[in-house]
Amino acid sequence: MTIGTDHRYELVSTRPRLEQVVRRCRELGQTALDFETTSLSPADGEVRLVSLCNEEIHAVVDFWAIKGRFAGCASLFDFGSWVVFNAGFERRWFQAAGVKRLDILDVGHLRRSVVGGGVFRLLDMARWDLNLTMDKEQQLSDWSSPDLTQEQLDYAYLDADVTWRLWRKWSKALTTDLGWQGFKVFNDMVPAVMEMEDTGIFLDRKAHTVLLASWEAEKVARVTRIRELVEDSDVRNINSGRQWSEYFSRIIPDHFLAGWPRTEKSGDLSVTGVALRGLAGRVPGTPLETLFDALAEYKTVTKYISSFGQPLLDRASKDGRLRARYNIGAAITGRFSSSGPNLQQVPRDKDILGVFTSVRKSFVAPLGRLLVSLDYSGIELRVLALLSGDKQLLKDMVEGDVHSEVAAVMSGSPIDRSTPEGKSLRQSAKAVSFGIVYGAAASGLSATMRTDEERAQGYIDFWSARYPDAFRYRYTMLDEAVRTGKIRCVDGGSIEVGYKPALPKLANYPVQRAAFSVMSGALVAHKASLDTERAAGRQRMTRMISTIHDAIIDEASTQDAASCLELMRGAMVAGYLKYFPGAPTERLVEGGIGKSWGELA
DNA sequence: AACGAGCGCGCG
DNA sequence: AAAGCGCGCGCTCGTT
């Protein structure tokens, strides 16, 4: 008897019994399944144990006792429905054994579809949802030992047992087909995500090393300038915000300090790049201006060095590729996160310290191949228009440049994007529209736009008059949340927000979620169409390699790149129409083909 | 030495 | 009355 479980389990160590057990599982429909393996990857390990649990079957299979081991028996699992925690793990082992015509249902994704996304472990779900404390001590034990201990076997069984109980619990929360569709939004992305994670993206180490060296030189120059003005005894560590706060508090007059923003918790002077640049403008021609500017530039360049320099070089594999994780439903809204490294935060091409800088040019296609990428254009405003039924907002999105349209309304006449005034007006309009999507009030918007509250309120009034349905939609969602404690999402899932939610979250969650849903449909459709093409001998070298919220990136051989782009376009349009049937598709996606991520045209 | 809070900043 | 959203990660600094 194992601690915390309802049942005894059977140790299966013969092929005939394994066949009986798996056949029965397939007859019963769904079965929780958990692997214990001798390493984390099929490339250098083996499946030792498979634990199985449903209403009738409670078993642990020791594959080392069975002829052919896991690889020789894996096909028995084909055509079954297996419930797991973290589907990518089990699916990779099945895939390595040539088994892929099976359903793998991730109980974590089931939870995400009901309460909203998040990052959690099986033991977290056990604690939250079953009030059960799990001990993961055995997880890293030696699963290649000839004789496994009782503790190891019990541990292996417990995971399947817990997984099954969680599945039973959360299945009950889904009473409609629509609810199950919400689950599939997450679950069906697993194969596409595996392709991106396993392929990785090629890093031009040589180019990136040169880039890093240039940043190091810029850093040295800033340190020199800062040290000409501030001695080591005043600020020992240039990286330390607290030391800067203490120093500035000491040397700067109170009337000047009064306008300096403070940090949230400790109340120190907030030493951010934006604050420093703003303050520099208040003391023109003084050494303080030089110091503020040098410090702001130091912060920029050290950010690039510490986040996008050596860490990227260090993480590249021997084959030159960088493999990040794409964590499905990691954000509460359902969006992906990326980690190890986070490839969703690689800097865009822009001037830093007055120099054009492209980190994305370090991400390249290997010889004979090209990168292919499309992104949804203004997808959040577009889905806001569709969710709220705002005809004017949709019209402005479809017919042209929505930010210019808003700018024209705000300023009272059409704007010219080629002039500095036009650009500035458009930029302001963009800030207003984003502010609305984020639920900003006049106070927050005025801070972002660096204007007074009265003017910010005027902008909001303009916006709400032009797009009344979109503006009102946010309050509709707030009302629903106050009544039900959750919001229902366009894809059939829901997000729990509690009964006292504030407007900004409620304004943003349904919009961010719907944009994600659209992308989810696109990723699944794109993976399916690539699989079909590859099975027919086309797009043989094409691989999905990344997704960055509203963008998909593939790598394709030179001759396949153009048709790959069209497949991607089709999938992205399909993902959008899946949730917004009949919606206009003009100007929906944009992007291109190039040798690097920085050169997609 | 390891860990977490706090801050800041890169992205969409 | 409270009201710009969502992430991951590097760094500092106090605690354990």
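**Exercise 1. Work out where glutamine 344 sits and what surrounds it.**

Step 1: start with the chain. Glutamine 344 is in the loop that links β10 (337-339) to β11 (350-352). Keep in mind that this is a predicted model.

Step 2: is glutamine 344 buried or exposed? Its relative accessibility is 15%, and the cut-off for buried is under 20%. So glutamine 344 counts as buried.

Step 3: look for neighbours, skipping residues up to four places away in sequence. Glutamine 344 then touches Tyr326, Phe336, Ser337, Ser338, Thr547, Ile548 and His549.

Step 4: check the side chains. Those of glutamine 344 and histidine 549 are joined by a polar contact of 3.4 Å.

**Exercise 2. Find out how many disulfides the structure has, and why cysteine 53 and cysteine 73 are not bonded to another cysteine.**

Step 1: search everything. The count for the whole structure comes to zero disulfides.

Step 2: take cysteine 53. The closest cysteine sulfur belongs to cysteine 25, and it is 9.2 Å away, so it's too far for a bond. A disulfide needs the two sulfur atoms within 2.5 Å.

Step 3: do the same for cysteine 73. Here too the closest cysteine sulfur is in cysteine 25, but the distance is 14 Å, again too far for a bond.

Step 4: add the surroundings. Cysteine 53 is buried, with a relative accessible area of 1%, and cysteine 73 is buried at 0% relative accessibility.

**Exercise 3. Lay out the sheet that contains β7.**

Step 1: put the strands in order. The sheet is open and has three strands, running β8-β7-β13 with antiparallel pairing.

Step 2: which strands are at the edges? They are β8 (321-322) and β13 (363-364), each of which pairs on one side only.

Step 3: zoom in on one pair. Two bridges connect β7 (residues 201-203) with β13 in the antiparallel sense. Within this pairing, leucine 203 stands opposite phenylalanine 363 of β13.

**Exercise 4. Describe how domain 2 and domain 3 meet.**

Step 1: get the bounds. The domain assignment of chain A lists, among others, domain 2 (202-322) and domain 3 (343-379 + 514-599).

Step 2: place them. Their C-alpha centres are 34 Å apart, and 17 residues from domain 2 and 17 residues from domain 3 take part in the contact.

Step 3: size up the interface. Between them, domain 2 and domain 3 bury about 1,400 Å², with 70% of that on carbon and sulfur atoms.

Step 4: which residues of domain 2 lose the most area to domain 3? They are Phe202, Tyr304 and Phe308, together giving 38% of what that side buries.

How values were computed
Residues numbered from 1 in each chain as written. Chains lettered and ligands numbered in written order. Predicted model: local features only at pLDDT ≥ 70, side-chain atom pairs only at ≥ 80, totals over all residues. Heavy atoms only, no water. Helix = DSSP H or I, 4+ residues; strand = E, 2+ residues; numbered from the N terminus. Buried < 20%, exposed > 50% of the residue type's maximum accessible area, 1.4 Å probe, protein only. Polar contact = N/O pair within 3.5 Å; in protein donor to acceptor, adjacent residues only side chain to side chain. Contact = heavy atoms within 4.5 Å. Pairing = 2+ DSSP bridges. Domains from an automatic or database assignment. Buried area = accessible area lost by both parts, 1.4 Å probe.
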